[in-house]
Amino acid sequence: MKAKEFGQFIETFITLLNDVGADESTKAWEQTLPLFEQNPEATVVQLTKAISKISPTSEVTGIQAAKLISMIPSLISFLQKPAKKAYIIDCEKLKTALLPFENIAISEIVQSTLNDIKFEEQKKLQKELEKQQKQQKEAALINHYVSKLESSLGNAEKFPAIVEEIKEKNKGGKNAELSVAAIKKIAHEFTRALMSELNSKAKALAAINYRHETLMIGRAKSQATGDRTAA
């Protein structure tokens, strides 16, 4: 279930508690609302997993999680017949997540969880940015090497050196400047061979060399017969 939907359910429950004068219980549940309101598209399961990872260190005073933990079984019992099963499952998940922190203030649990979620989102965004930058750099390298191969095509010394340079750029595993996929792309752009035919680094490099070697063989034959042909 989405946090937004579960949060709306909690708000309705808070109204009920308010109506019967359960002030401390009302405040306890109210303190959980930011968790759902600030992460509306997350699922409750994702939020409870985030709670389980926090390490509260401050001594924040206030209503402790034990208050919620003690109420959840009764809430589940109340929901057994009329409610969607998803509400019951998510209530159980919330209780399980809160159990290790029963003597911690609810406000601290919520704030620590929100901080951790924000930190993880920032890490994710940073990784995505780094991925995009790597892709842009790799795209530039692909264009660079296609151009270098074209300009050195038919040169017995320069062409093999550029192929070796491409191989060197592929060293380093995940940190390689040129991935195997990039080498396949270079081969595709340079030879116009189908990507389906370039299904390995070896085949991509072979296709690159084949175009060069075919030209060199053609030239040699022309020289042998006294003819001159254009590359």
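Tutor: Let's start with a term: a helix here is a DSSP run of H or I with at least four residues, numbered from the N terminus. Keep in mind that the model is predicted. Ala206, for instance, is found in helix 10, which covers residues 201-225.

Student: Is Ala206 buried or exposed, or something in between?

Tutor: Buried means under 20% relative accessible area and exposed means over 50%, with partly exposed in between. Ala206 has 43% relative accessibility, so Ala206 counts as partly exposed. You can also look at its distance to another residue: the C-alpha atoms of Ala206 and Ala187 are 8.8 Å apart, while 19 residues separate the two along the chain.

Student: What is the mean pLDDT of the protein chain?

Tutor: The mean for the protein chain is 91, and 97% of its residues reach 70 or more. Among the elements, helix 9 has the highest mean pLDDT, 96, and helix 10 the lowest, 91.

Student: What lies between helix 9 and helix 10?

Tutor: A loop, and Arg192 is in that loop. Arg192 is not a glycine, yet its phi is positive, about 65°. Its relative accessible area is 59%, so Arg192 is exposed. You can find another positive phi, about 90°, at Gly154, just after helix 7.

Student: How do I read a helix such as helix 7?

Tutor: The general idea is that an α-helix has 3.6 residues a turn, so residues three or four places apart point the same way. Now for this case: helix 7 has 47 residues and spans 68 Å from its first C-alpha to its last, close to the 69 Å expected at 1.5 Å a residue.

Student: How do I read a pair of aromatic rings, and how many pairs does the search of the whole structure find?

Tutor: A pair of aromatic rings is described by the distance of the centres and the angle of the planes. In this structure, the search finds five aromatic pairs. In one of them, the ring centres of Phe9 and Tyr87 are 4.8 Å apart and the planes are at 50°, so the pair is tilted. Phe9 belongs to helix 1 and Tyr87 to helix 6, so the pair ties together parts that are 78 residues apart in sequence. Both Phe9 and Tyr87 are buried.

Student: What about Phe159 and Phe190?

Tutor: Their ring centres are 5.8 Å apart and their planes are at 35°, so this pair is tilted. The pair links distant parts of the chain, with Phe159 in helix 8 and Phe190 in helix 9, 31 residues apart. Both Phe159 and Phe190 are buried.

Student: Which residues form one aromatic cluster?

Tutor: Phe6, Phe9, Phe36 and Tyr87 do.

Student: What volume does the largest cavity have, and what lines it?

Tutor: Its volume is about 70 Å³. Among the lining residues are Thr32, Phe36, Ile51 and Val110. By class, nine lining residues are nonpolar, one is polar and none is charged. Helix 7 gives the largest share of this lining, three residues.

Student: And how much space lies in the largest pocket?

Tutor: About 360 Å³. It has 13 lining residues, and the closest to its centre are Gln46, Leu47, Ala50, Ile117 and Glu120. Helix 4 and helix 7 each supply at least two residues of the lining. By class, the pocket lining has five nonpolar, two polar and six charged residues.

Technical notes: Residues numbered from 1 in each chain as written. Predicted model: local features only at pLDDT ≥ 70, side-chain atom pairs only at ≥ 80, totals over all residues. Heavy atoms only, no water. 1 Å grid on protein atoms, 1.4 Å probe; cavity = no way out; pocket = protein on both sides within 12 Å on 5 of 7 lines; lining within 4 Å. Points joined across faces, edges and corners; volume = space filled by probe spheres on them. Nonpolar A, V, L, I, M, F, W, Y, C, P; charged D, E, K, R; others polar. Expected span 1.5 Å × (residues − 1). Buried < 20%, exposed > 50% of the residue type's maximum accessible area, 1.4 Å probe, protein only. pLDDT = per-residue confidence, 0-100. Phe/Tyr/Trp six-rings, centres within 6.5 Å; stacked < 30°, edge-to-face > 60°.
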